[in-house]
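Trainee: I'm new to this one and would like a close look at a single part of it. Could you take me through that part slowly, and then show me what else is worth finding on screen?

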Amino acid sequence: MQCILCLVIPLTLTTLAYTQSGQEPEKYLQTAETYLSENQPSEAIAFIDSLFTLPSRSDSIAARAYIVKARALERLGQYSQASSMVDTVLSWCHHETHNIPAFIFPEALHRSASIHNNWGKYRTALSMGREGLAWLKKDQSEPSLLNMNMYMVLGSSFYRLYQSDSSMYYKEQALELARRVYGNEHRNVARTLNNLANSYRDLRQYDRALDYLEQVISIEKEAYGENNRWLSVPYYNRGLNLESKGAFREAIENFELSKHLTEINNPRHHYLGADFRKIGDCYFKLHEYGEAKRYYDHALTFLNSLPDIHYELAQVWHSYAKVYEKEEDYAQAISCLDSAIRIANLELGKDHPWVATYWSDRAYYCVHLNDFQTGNSNARTALKILGYEQDFDPVTSIAKNIYYYALAIAGYAAWQEYQIADDSSLLHKALIYYEQSIAIIQQLRQGMHNENSRHQLSSETIEVYEHAVQVCYALYEKTGHIKYAEHALRISEKSKISTVLEALLGQQVQGFPNLPDNVAWRENDLHQHMNDLSEKMHQTRHAKVNMDSLIQPMKDSLFGLRQELYSFLDTLKRFYPRYHHHKYAANNLDIKKLQSQLNSGQVALEFFDADSLIFLFTVTSDHIHVRRLIRGDSLENTIHKFITHLSNRDSVLADPQTSIHTLAACGYSLYKNLIDDSLTLSGKSLLIIPDQFESRLIFDVFLTNNPESGDPATWPYLFRDYPIHYGQSLWTWSEQLRRDGYAPNLFAGFSPTYHTDITSMSDEHTPRSQAAPLQGAAEEIREIEKIMGGSIYSDSTACESHFVNEAGAFRILHISAHAFVNDSMPGSSHFLFSNCSRPMQDNLLTAEEICRLQLNADLAVLSACHTGFGPLRRGEGIMSLGRAFSFAGVPSTLLGMWKLPDQSTSRMLPSFYKYLKQGQDIHKSLNLARLEYLEKTRFIEEKHPYFWSGIILYGKSNAVKLPSFSSLAIWIILFVAIAASFYILWMYNQKNRSQAI
């Protein structure tokens with residue numbers, strides 16, 4: 001009893017003191033606010049409930065108390081009750097019987113918008129937010145914190161409705177206001193940066209989003225410590241970005257951090273269910289389906305235990321459906337989607353884009369169950385939700401990420417129904433859907449300034465292009481109309497839109513006379529600074545000592561440079577829209593123009609891979625044809641054996657005769673299976689555009705007949721009939737044709753020297769991929785100098801700095817060196833140059849560094865191993881060192897496709913230059929050099945194509961324009977001409993004088 005009195009008496013005295021001063025309701029409100037700031041919403045609610053027992057509260061106090069309680073309920077995820085509290089306040093504001101101050105009305109509107117936004121009622125949130133913002137703009141002279149919060153909630157609602165432009169506008173407004181009011185290190189700035197990161201993730205600008213989130217985490221940790229509840233949000237968002245980039249293990253670590261913080265600070269919040277689901281999604285993408293289901297079970301159990309149904313449940317059921325799809329249990333997947341649709345209709349509304357996604361997936365599963373009628377109906381439902389009309393404009397469409405998918409599924413459903421019904425109208429409908437889907441994908445690409453983001457989009461969407469080409473082929477086969485072959489070719493070309501092509505388009509500034517020079521090159525400078533800093537950070541991280549104190553300033557500088565780049569690109573789009581459109585917009589390939597660029601007899605073969613099929617387009621100056629090939633196990637095995645016995649040094653040298661026999665059989669088989677039927681006439685040259693499956697093949701050494709002897713020098717190689725060159729796409733080749741070198745000097749050759757203590761001395765078969773001295777390379781460069789003249793950099797002068805500083809002044813560049821490929825980081829693949837005494841020079845010329853150069857050459861000869869080798873990326877091709885030269889503007893490149901033998905390469909390339917100097921086309925010069933090598937080689941083993949066919953031509957094949965006279969000769973002739981003119985004039989004057997006398 002005494003203990004109870006000890007507790008009650010102080011509380012009674014405190015209450016009495018409050019009552020006597022008339023301030024107790026205000027104190028209760030302040031205490032509740034304090035509990036909320038300390039993330040104790042239940043305690044805040046208890047104090048507000050106690051406040052309502054006080055007799056002295058005013059209408060103003062009651063309204064503010066309702067809003068505080070609504071905030072606490074919102075934080076607990078009890079959105080229905082929270083919304084009811086705010087609705088009460090809003091009704092009081094509209095009745096004169098309640099004395100409510102004017103400032104409470106916009107606060108209530110903001111709180112209502114925030115609640116509905118978290119609840120998933122995004123359109124209601126937009127309505128409330130817009131009304132509140134309009135009131136603030138009308139009744140306030142200066143923007144306030146409430147303005148910032150209103151901008152943020154509007155930006156978040158638009159983001160959830162996939163209206164990216166509107167979302168970005170409001171979020172940028174919020175960030176600008178927050179920085180102006182609070183500076184750069186305040187939580188409100190962190191909140192707006194977090195919201196912006198969400199929008200940039202939608203644009204697949206993952207690096208930009210991660211930059212923002214790193215700033216958010218830094219601010220939150222500095223201000224509120226390692227375990228504050230707000231940190232869970234940026235960790236969760238960081239996980240989303242890493243998941244989208246394919247870094248699933250790292251994403252799981254961030255989702256686990258988010259889950260840990262939520263369990264500490266808010267163990268009954270729906271965020272915990274989202275954490276469980278996203279961890280499950282990452283395991284799903286790692287193909288660990290059992291582990292994925294385990295986390296989905298956790299998410300489902302937790303979310304079902306909450307007092308209110310939350311839309312996150314719909315997402316969990318959708319994730320379950322994806323697992324059943326992988327298990328091909330489409331009936332169970334449909335059952336899961338039905339649960340998702342039911343919950344989403346209730347919690348998000350029937351017109352939400354997520355609901356459209358669920359209906360699209362349901363259509364896909366119905367088609368797999370051969371229920372085509374239901375599948376088509378579900379697909380139309382998805383499009384109706386997205387506001388689809390026949391004449392819709394992909395540029396103005398919202399929810400682009402979902403829209404392109406819904407259109408692709410609608411196309412798939414119509415196409416699959418055609419397989420049964422044989423109704424041509426279904427094919428036409430499918431093609432319309434697919435073309436509209438591709439148009440949206442191209443729009444998405446335009447909004448991405450990050451190369452990795454574009455690669456990611458290409459890998460995500462390639463199936464849309466594959467199915468579209470198959471539909472075009474079905475129409476071509478059914479009708480025989482050439483327009484469908486052209487249609488299929490355009491779609492194939494759109495799938496090959498690459499950053500190389502975009503770089504070539506961007507380098508053509510001469511067509512934009514109003515574009516200032518400083519604007520044209522500003523982006524390149526920013527990229528160069530960013531890449532230099534990234535490389536420096538990479539080197540610092542791998543240092544043996546702790547360099548954290550050095551890395552953080554670099555990270556800060558890199559963040560600033562990235563913001564500067566993004567701002568520049570936004571300015572470019574605003575003030576120079578035509579140039580921006582030219583550089584970033586993916587327009588249709590002009591096939592007639594392309595055909596006019598093909599010479600009579602020149603044949604272009606473009607491959608396009610789809611599932612287990614290969615489509616082969618044959619394009620000439622007056623004809624287009626498309627064939628469909630089956631890509632079976634037999635063809636794949638033949639290709640594997642062909643590549644092994646052509647390029648694998650160990651296989652060739654271990655048993656040359658067996659290798660020659662195998663290569664002959666495979667070379668003829670591949671010719672018959674892949675291209676024989678496409679070459680119906682003898683031509684001047686052959687342009688090959690490979691896709692993924694064909695990218696490692698050397699078509700030059702395909703055999704047009706079974707060889708009659710075992711001597712490789714006599715075989716009927718395809719290159720004997722057709723000089724061959726390769727391209728990344730027809731469009732890229734077409735743009736490369738427009739480029740002519742304008743460098744003042746003709747030739748520069750680089751032949752670095754390597755120390756003998758690196759490894760053992762080379763023998764005649766040593767490849768140029770070992771860090772050993774290359775005797776053949778040194779001889780090669782001396783012989784080429786005798787033919788071409790020019791500038792030769794060898795020994796200590798063949799250093800990286802000389803190449804970087806002087807390569808832009810030459811029309812032909814030649815590198816005889818070691819090259820090394822980095823499969824995991826292709827930008828770090830590099831040439832090894834001679835040691836240089838200069839500080840900050842590592843003697844490694846990387847692919848990233850080459851891409852940043854402005855080269856004016858017509859031709860680059862990369863006499864090194866694997867310069868045409870690297871990881872494959874759909875749409876981009878092989879990410880090689882040779883590709884970097886194309887990116888830097890060089891239209892023709894000779895590439896080494898495997899470990900080039902040092903001696904045989906050094907014997908063949910001088911011959912190439914001999915024919916090039918005579919004015920032959922590049923690919924013809926290469927073929928003549930090969931034939932000369934075969935004629936002069938005595939041993940049959942060294943006639944094996946491994947020794948001489950590893951160098952191929954990428955890009956245009958035209959002859960390099962060689963100067964008729966040297967610069968010195970031109971000056972001498974000019975001086976003599978001027979002197980002769982003066983002499984003739986003097987003689988004329990002398991004659992006139994003598995006549996006058």
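What gives the most to the lining of the second largest cavity, and with how many residues?

Mentor: Happy to. Keep in mind as we go that this is a predicted model. The answer to your question is H22, which gives five residues to the lining of the second largest cavity.

Let's build up the picture around that cavity. The second largest cavity holds about 110 Å³ of space. Its lining is made of 13 residues, and if you want to find its centre, look for Arg445, Ser458, Thr461, Tyr465 and Lys494, which lie nearest to it. Three elements give two or more residues each to this lining: helix H21 (424–446), helix H22 (451–479) and helix H23 (482–495). As for the mix of residues, the lining of the second largest cavity has five nonpolar, five polar and three charged ones.

While you're by these helices, there are two spots you can pick out. One is cysteine 472, which has 0% relative accessibility and therefore counts as buried. The other is aspartate 422, in the loop between helix H20 (400–421) and H21. Aspartate 422 isn't a glycine, yet it has a positive phi of about 55°. It counts as partly exposed because its relative accessibility is 48%, which falls between the 20% and 50% cut-offs.

Now for the cavities in general. The count comes to seven cavities of 30 Å³ or more. The largest cavity has about 360 Å³ of space in it. There are 28 residues lining the largest cavity, and those closest to its centre are Gln728, Glu876, Gly877, Ile878 and Tyr954. Both helices and strands take part in that lining: helix H33 (730–737), strand E13 (872–873), strand E14 (877–878), helix H37 (881–887), strand E15 (892–896) and strand E16 (951–955) each supply at least two residues. H37 gives the most to the lining of the largest cavity, with three residues. By class, the lining of the largest cavity has 15 polar, seven nonpolar and six charged residues.

H33 deserves a second look. Seven of its eight residues are buried, so H33 is largely enclosed by the rest of the structure. The buried ones in H33 are Leu730, Trp731, Thr732, Trp733, Ser734, Glu735 and Gln736.

Next, try strand E8 (residues 810–816). Seven of the seven residues of E8 are buried, so this strand too is largely enclosed by the rest of the structure. E8 has pairings you can trace. Strand E6 (residues 745–752) runs parallel to E8 and is joined to it by five bridges. For one concrete pair in that match, glycine 749 has histidine 814 in E8 as its bridge partner. E8 is also joined by five bridges to strand E12 (residues 859–863), again running parallel. There, isoleucine 812 stands opposite leucine 859 in E12. What holds such pairs together? Strands of a sheet pair through backbone hydrogen bonds, which may be parallel or antiparallel.

For the antiparallel kind, go a little further along the chain. Three strands form an open sheet in the order E9-E10-E11, with antiparallel pairing. Strand E9 (818–820) and strand E11 (844–846) are the edge strands, each pairing on one side only. From one strand to the next, the twist averages 25°. Within this sheet, three bridges link strand E10 (residues 830–832) to E11. Look for leucine 832, which stands opposite leucine 844 in E11.

A few single residues to finish the tour. Aspartate 795 lies in strand E7 (residues 791–795). Aspartate 795 has a positive phi of about 55° although it isn't a glycine. With 47% relative accessibility, aspartate 795 counts as partly exposed. Cysteine 282, with 0% relative accessibility, counts as buried. And if you were wondering about disulfides, the structure holds zero of them.

So that you have a place to start, go back to your own question: show H22, whose five residues are the most that any element gives to the lining of the second largest cavity. Then add Arg445, Ser458, Thr461, Tyr465 and Lys494 to mark where its centre is.

Conventions: Residues are numbered from 1 along each chain as its sequence is written. This is a predicted model: local features need pLDDT of at least 70, side-chain atom pairs count only at pLDDT 80 or more; totals for chains, interfaces and linings use all residues. Side-chain values use heavy atoms; hydrogens and water are left out. Two strands pair if DSSP finds at least two bridges between them. Helices (H or I, at least four residues) and strands (E, at least two) are DSSP runs, numbered from the N terminus. Axes are lines fitted to C-alpha atoms, for helices over the stretch in contact, and angles run from 0 to 180 degrees between N-to-C directions. On a 1 Å grid over the protein atoms alone, a cavity is a set of points where a 1.4 Å probe fits but cannot get out, and a pocket is an open set with protein on both sides within 12 Å along at least five of seven lines; lining residues have an atom within 4 Å of a point. Grid points are joined across faces, edges and corners, and a volume is the space filled by probe spheres set on the points. Ala, Val, Leu, Ile, Met, Phe, Trp, Tyr, Cys and Pro count as nonpolar, Asp, Glu, Lys and Arg as charged, and the others, Gly among them, as polar. A disulfide is a pair of cysteine sulfur atoms within 2.5 Å. Buried means under 20% relative accessible area, exposed over 50%, partly exposed in between (1.4 Å probe, protein chains only).
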